[in-house]
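Me: I have a model open on my screen and would like to learn how to read it. Could you walk me through it, one feature at a time?

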Amino acid sequence: QVQLVESGGGLVQAGGSLRLSCVSSGSIFNLNATVWYRQGPGKQRELVATITRGGSTNYAESVKGRFTISRDNTKNTVYLQMNSLKPDDTGVYYCKAEYQITPWAVRNYWGQGTQVTVSS
């Protein structure tokens with residue numbers, strides 16, 4: 001079983017920055033992609049950023065230019081650098097890793113989430 005652990009959340013004022021980390025116990029060799037999601041109060045879970053096996057990235061429109069997703073393969077860690085934070089960025093942030101279990105099957109693993117609170 002693959003385990004993911006998020007960290008780095010906290011309380012920050014609007015305009016501030018945080019860097020979230022997602023450490024995986026799984027092997028990098030069969031990791032297809034890692035995705036950051038978030039769920040704010042009274043909101044649906046939304047996709048924030050994605051990084052694929054090849055290193056390509058995608059972002060939600062609401063965070064483009066402010067957030068950066070990156071990966072350190074030597075540490076089995078994916079990061080989400082969050083700058084110019086807004087109160088609407090408040091929520092629980094989750095990472096999800098997609099692993100290629102067999103050539104015909106993938107499996108998703110979720111972290112426990114880390115709370116990000118942005119005050120005005």
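Me: Let me start with a hairpin. How many residues join β9 to β10?

Reply: The hairpin between β9 and β10 runs through 2 residues. Strands here are DSSP runs of E, at least two residues long, numbered from the N terminus. Before we go on, please keep in mind that this is a predicted model: local features need pLDDT of at least 70, side-chain atom pairs count only at pLDDT 80 or more, and totals for chains, interfaces and linings use all residues. Residues are numbered from 1 along each chain as its sequence is written, and side-chain values use heavy atoms, with hydrogens and water left out.

Me: Which strands pair with β9?

Reply: Two strands pair if DSSP finds at least two bridges between them. Strand β10 (residues 105-110) is antiparallel to β9 and shares 6 bridges with β9; there, E98 has N108 as its bridge partner. Strand β4 (residues 31-39) is also antiparallel to β9 (residues 91-102), with 8 bridges, and T34 is matched with A97. Strand β11 (residues 114-119) joins β9 by 3 bridges, again antiparallel, and here Y93 faces T114.

Me: What does R107 touch?

Reply: Contact means heavy atoms within 4.5 Å. R107 sits in strand β10 and touches A97, E98, Y99 and I101, leaving aside residues up to four places away in sequence. The C-alpha atoms of R107 and A97 are 8.2 Å apart, with the two positions 10 residues apart in sequence numbering.

Me: Is R107 buried, partly exposed or exposed?

Reply: Buried means under 20% relative accessible area, exposed means over 50%, and partly exposed is in between, using a 1.4 Å probe and protein chains only. R107 has a relative accessible area of 41%, so R107 is partly exposed.

Me: Where is there another hairpin to look at?

Reply: Try β7 and β8, whose hairpin has 4 residues between the strands. N76 takes a positive phi near 50° in that hairpin. Strands β7 (residues 67-72) and β8 (residues 77-82) are antiparallel and share 6 bridges, with S70 paired to Y79.

Me: Now the cysteines. Which two form a disulfide?

Reply: A disulfide is a covalent bond between the sulfur atoms of two cysteines. The test used here is a pair of cysteine sulfur atoms within 2.5 Å, and the count comes to 1 disulfide. The pair is C22 and C95, with sulfur atoms 2.0 Å apart. C22 belongs to strand β3 (residues 18-24) and C95 to strand β9, so the bond ties together parts that are 73 residues apart in sequence. Both cysteines, C22 and C95, are buried.

Me: Why is the disulfide of C22 and C95 called right-handed?

Reply: Look at the torsion about the S-S bond: for C22 and C95 the angle is about 65°, so the disulfide is right-handed.

Me: How many salt bridges does a search of the whole structure find?

Reply: Side chains of opposite charge can pair when their charged atoms come close. The rule asks for a side-chain nitrogen of Lys or Arg within 4 Å of a carboxyl oxygen of Asp or Glu, and the search finds 4 salt bridges. Among them is R38 with E46, whose closest N and O atoms are 2.6 Å apart. R38 is buried at 5% relative accessibility, while E46 is partly exposed at 31%. Another is R66 with D89, at 2.8 Å between the closest N and O atoms. That pair links distant parts of the chain, 23 residues apart: R66 is in the loop between β6 (57-59) and β7, and D89 is in the loop between β8 and β9. R66 counts as buried at 10% relative accessibility, and D89 counts as buried at 2%. R38, E46, R66 and D89 are linked in a network of salt bridges.

Me: What does the side chain of E6 reach?

Reply: E6, in strand β1 (residues 4-7), is buried and has no salt bridge. The nearest side chain of opposite charge is R45, 8.5 Å away; Lys and Arg count as positive and Asp and Glu as negative, while His and the chain ends are not counted. The E6 side chain reaches the backbone nitrogen of G113 at 2.8 Å, and a polar atom of that side chain lies 2.8 Å from the backbone nitrogen of C95.

Conventions. Polar contact = N/O pair within 3.5 Å; in protein donor to acceptor, adjacent residues only side chain to side chain.
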